[in-house]
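Here is a short briefing on one protein chain. Keep the structure open as you read.

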Amino acid sequence: MTKDIRICLGFRKNSSKMYDTPVSLQGCCVDFICENLEALCDVNPVDSPLPKMTFKDPDVYFHGDLSEQLLTKLCDKGKLTDDTLSLFNPNTTSLKRVSIQNSQLTTRGLRTLRAHRISDLEIKGLRTVTVNDVIGCLGEWTLSHLKSLNVTHSTFMNSTNFIVVISLTKLQNLQSLNVSHTEFNNHGLEIIATDLPCLENLDISNTRVTDISSVRKCKDRLKSLSIYNIRPLNEDEVIPILFEMKHLVHLDISEDPSVQPLLNLQNGRFKIKALLAVPSCLPCLTSLDISGKEGANETMIRDFMTTHTMRFVGAALTPYCEYEMLADEIKTDIVVTGEANEKQILEALRRYVLRAVYVQKSLYTLFRLTQVMVEPREDIIRLVLPAMNGHPKQLGVQMAATACLYNLSKGDVGMKVHPACLKHVVNSTLSAMENFPNHQQLQKNALLTLCSDRILQDVTFDRYRCARLVMECLCQFDETSMNRMSVAICSILAAKISTEQTSMLGAKARYMKKMLELVKQKVENKVIDITLKFTLSALWNLTDESPPTCHVFLKEGGLDLFMETLQVVSEMEPDTRTQVETKILGLLNNIAEVKNLREALMRDDFMMLGRRLMHADQIDVGYFAAGIIAHLASDGPQSWLVGTPEREELLNELGEVVLKWEQPSGEMVAYRSFKPFFPLLRCKTAPTVQLWAVWAIQHVCTKNGNRYCPMLEEEGGAHILRQMIDNPESHEHVVQISKDILILSRENKAQAQKKREKKR
């Protein structure tokens with residue numbers, strides 16, 4: 001048995017004011033489909049002429065937007081495979097704009113795209129097949145009409161380590177091409193510049209291109225050129241070539257000074273001074289990114305901006321972002337990336353999500369701003385999360401991101417953040433914990449975020465995963481505040497995960513040893529603080545209906561330690577003593593529920609202690625002590641292994657104690673199930689054992705009837721109560737309380753029925 005510990009770790013206020021719009025009905029439906037594919041779809045045999053997977057409903061059809069949303073959602077959830085991609089056959093779906101990211105696909109699945117008329121194709125991070133293979137999976141209509149292709153972070157390298165780009169020439173109507181962060185090279189650039197007559201937008205950032213002279217062939221039509229982190233062999237040629245691009249509207253010549261390109265060249269950091277020194281160049285330019293570039297000054301940039309109608313200037317990782325003409329939000333309406341103010345930082349996170357050093361710098365600067373934010377900023381959270389998730393193995397990014405997320409979700413601010421947004425915060429935080437299990441400060445950042453009443457009580461996430469990672473953190477580090485947060489989190493989560501999951505956690509000896517070690521340290525020093533109380537709560541919840549955990553607890557010496565703890569707190573002030581005694585007796589009550597472990601509790605010293613505590617003035621203490629006695633006595637005289645006190649004597653005292661109790665004002669305990677009570681209810685030879693059991697059932701049904709009355713019916717407890725009532729040998733008090741419980745159950749059922757009818 002366990003208390004439903006609702007420990008206030010943060011500030012609980014009315015959380016009805018959410019700064020987020022609800023998920024649309026269509027979005028909910030798409031999410032449901034993704035989570036229930038097995039129920040909604042048929043899986044066809046390999047030799048079937050039908051696609052591998054088809055929807056069971058023969059009349060189902062997804063229009064274009066819905067098809068694209070379903071595809072994106074499957075991708076986001078990591079469920080896009082060759083099999084699930086086969087769902088998108090042209091009879092039930094329609095794809096025009098396709099976006100696939102970081103999926104493990106082969107040509108078997110990608111051939112599904114052949115039947116669709118695709119105008120925009122985005123396949124990011126695909127390393128299992130080449131770009132050449134992807135193009136080979138497209139239909140004739142798509143090859144002739146495709147306007148935009150983005151294959152960033154994918155590969156052109158085939159199995160024989162040759163870079164194959166010739167297939168791009170099939171895309172004669174292609175207007176926009178993004179091959180950034182691939183093995184795309186000089187030869188490829190020459191081919192597409194020559195053979196793609198409609199090409200207007202080109203991104204060759206961080207590729208193997210070292211000579212951009214081929215772009216001269218499309219200088220009369222190129223409107224956008226991105227050459228971030230390109231290191232030309234002849235840097236003196238770059239600026240003259242750019243001068244020829246008279247129609248450019250956007251130019252990105254930024255660089256990451258800390259990262260070498262794919263060829264790891266040491267040269268090629270061409271200067272921007274020559275470009276900015278000619279203000280009349282590139283007359284159509286409205287967007288220029290010079291982030292990470294050295295060599296400019298305020299006068300140059302001002303003169304260049306004076307001769308151009310600039311809408312965007314990239315100035316991240318440079319001092320330029322602090323110039324008044326770029327940093328003054330009142331005087332300029334130009335969009336700027338940098339670190340001078342919040343607007344610049346957020347724009348940098350939005351544009352540079354794939355650039356680790358840029359992201360890290362932006363997040364570190366943002367962290368200082370989030371420390372003083374008093375209003376919820378989900379807009380910022382939505383920018384931090386993609387940046388964080390895009391660089392899961394970059395410690396610097398994860399450190400800064402976890403620190404920002406803590407500031408954006410803590411206290412009063414967190415109370416106003418929508419649970420759907422906090423769910424993503426938790427998931428990204430847990431991923432960071434998994435990726436850096438040995439980094440103390442990152443783990444501490446994560447604990448600070450998770451140790452929130454708002455998150456632990458109101459947000460849906462994988463609680464077992466969280467509890468497991470927090471337990472690992474507890475075992476890995478021995479730091480006072482981290483210990484406190486870890487056991488606080490586990491004390492709540494252990495009551496919210498399944499009994500199977502609590503057994504998986506609690507039955508791990510290293511977890512049990514660590515928690516008992518914390519208890520021992522506190523007891524030896526006679527320190528009864530919040531950490532000890534959280535630890536006792538966590539142990540209590542982990543042993544609830546979990547025989548394996550109870551066994552490990554006993555094996556690791558938990559009983560002797562708890563006996564010592566009870567002795568220490570007996571000398572302390574009443575409130576502290578009651579809190580600790582309740583938690584300890586609650587855990588020992590869990591052990592007493594396990595028939596084959598009761599023998600461990602049959603000790604003269606423990607039974608004398610239990611007898612004394614059963615008579616405690618505090619009902620919380622007396623209740624659990626009496627419960628232990630009831631369970632131990634339920635096995636009959638033959639199993640009573642102690643000489644003092646005698647079983648009959650103790651049973652008589654048990655009945656006297658229970659009859660003196662009055663129902664407390666609040667809910668004293670919470671149960672996962674009534675099943676542990678059933679052996680007690682059937683203990684006909686010991687009426688006082690039955691008496692304790694029915695009193696306990698009546699207590700929770702009185703305090704929380706909506707939860708426990710249906711549970712009593714569903715598990716068969718009501719049937720056992722009726723049998724006891726019909727048995728003429730049942731004790732009169734047992735019969736009366738049983739009747740009261742059944743009346744309460746009927747009233748609750750009637751009220752529930754009225755509520756349902758009212759809703760109709």
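## The main sheet

10 strands make up an open sheet, ordered β3-β4-β5-β6-β7-β8-β9-β10-β11-β12, with parallel pairing. Its edges are β3 and β12 (335-337), each of which pairs on one side only. From one strand to the next, the twist averages 5°. The model is predicted.

**The chain overall**

- The chain holds 36 helices and 12 strands.
- Of its 760 residues, 54% are buried.
- Along the principal axes, the C-alpha atoms fill a box of roughly 105 × 65 × 55 Å.
- Take the contacts in the chain with a separation of 6 or more: 71% of them come from residues 24 or more positions apart.

**β3, β4 and β5**

- Strand β3 (residues 97-101) runs parallel to β4, and five bridges join the two.
- One bridge pairs valine 98 with leucine 121 in β4.
- Serine 99 stands opposite glutamate 122, also a β4 residue.
- β3 has two unlike faces: Val98 and Ile100 form the covered one, while Arg97, Ser99 and Gln101 form the uncovered one.
- Side chains alternate along strand β4 (residues 120-124) as well.
- On one β4 face, Leu121 and Ile123 are buried.
- Asp120, Glu122 and Lys124 point to the other face and are not buried.
- On to the next strand: β4 and strand β5 (residues 148-150) run parallel, joined by three bridges.
- Here aspartate 120 has serine 148 of β5 as its bridge partner.

**β6, β7 and helix α8**

- Which residues of helix α8 (residues 186-195) are buried? They are Gly188, Leu189, Ile191, Ile192 and Ala193.
- These buried residues of α8 pack against two strands, β6 (176-178) and β7 (201-203).

**β10, β11, β12 and helix α13**

- Three bridges pair strand β10 (residues 287-289) with strand β11 (residues 312-314), in the parallel sense.
- Within this pairing, aspartate 289 stands opposite glycine 314 in β11.
- Helix α13 (residues 342-351) lies across β11 and β12.
- The helix runs at about 75° to β12.

**Cavities**

- How many cavities of 30 Å³ or more does the structure hold? There are two.
- The largest has a volume of about 70 Å³.
- Both β12 and α13 contribute to the lining of the largest cavity, with at least two residues each.
- The lining of the largest cavity consists of Leu326, Glu329, Thr332, Ile334, Val335, Val336, Asn341, Lys343 and Gln344.

**Glutamate 378 and histidine 418**

- Glutamate 378 is found in helix α15 (residues 378-389).
- Is glutamate 378 buried or exposed? It counts as buried because its relative accessibility is 4%, and the cut-off for buried is under 20%.
- Histidine 418 sits in the loop between α17 (411-415) and α18 (419-435).
- At 19% relative accessibility, histidine 418 also falls under the 20% cut-off, so this residue counts as buried too.
- The two residues meet: the side chain of glutamate 378 reaches the backbone nitrogen of histidine 418 at 2.7 Å.
- Histidine 418 has a further polar partner, as a polar atom of its side chain lies 3.0 Å from the backbone nitrogen of alanine 420.
- In short, histidine 418 takes part through its backbone nitrogen with glutamate 378, and through its side chain with alanine 420.

**Lysine 273**

- Lysine 273 lies in helix α10 (residues 273-276).
- Why does lysine 273 count as partly exposed? Its relative accessibility is 47%, and partly exposed covers values between the 20% limit for buried and the 50% limit for exposed.
- Beyond its neighbours within four places in sequence, lysine 273 is in contact with Gly295 and Met300.
- Serine 213 is 60 residues from lysine 273 in sequence. In space, the C-alpha atoms of lysine 273 and serine 213 are 20 Å apart.

Methods: Residues are numbered from 1 along each chain as its sequence is written. This is a predicted model: local features need pLDDT of at least 70, side-chain atom pairs count only at pLDDT 80 or more; totals for chains, interfaces and linings use all residues. Side-chain values use heavy atoms; hydrogens and water are left out. Helices (H or I, at least four residues) and strands (E, at least two) are DSSP runs, numbered from the N terminus. Buried means under 20% relative accessible area, exposed over 50%, partly exposed in between (1.4 Å probe, protein chains only). A polar contact is a pair of N or O atoms within 3.5 Å; within protein, one must be able to donate a hydrogen and the other to accept it, and residues adjacent in sequence count only if both atoms are side-chain atoms. Two strands pair if DSSP finds at least two bridges between them. Contact means heavy atoms within 4.5 Å. Axes are lines fitted to C-alpha atoms, for helices over the stretch in contact, and angles run from 0 to 180 degrees between N-to-C directions. On a 1 Å grid over the protein atoms alone, a cavity is a set of points where a 1.4 Å probe fits but cannot get out, and a pocket is an open set with protein on both sides within 12 Å along at least five of seven lines; lining residues have an atom within 4 Å of a point. Grid points are joined across faces, edges and corners, and a volume is the space filled by probe spheres set on the points.
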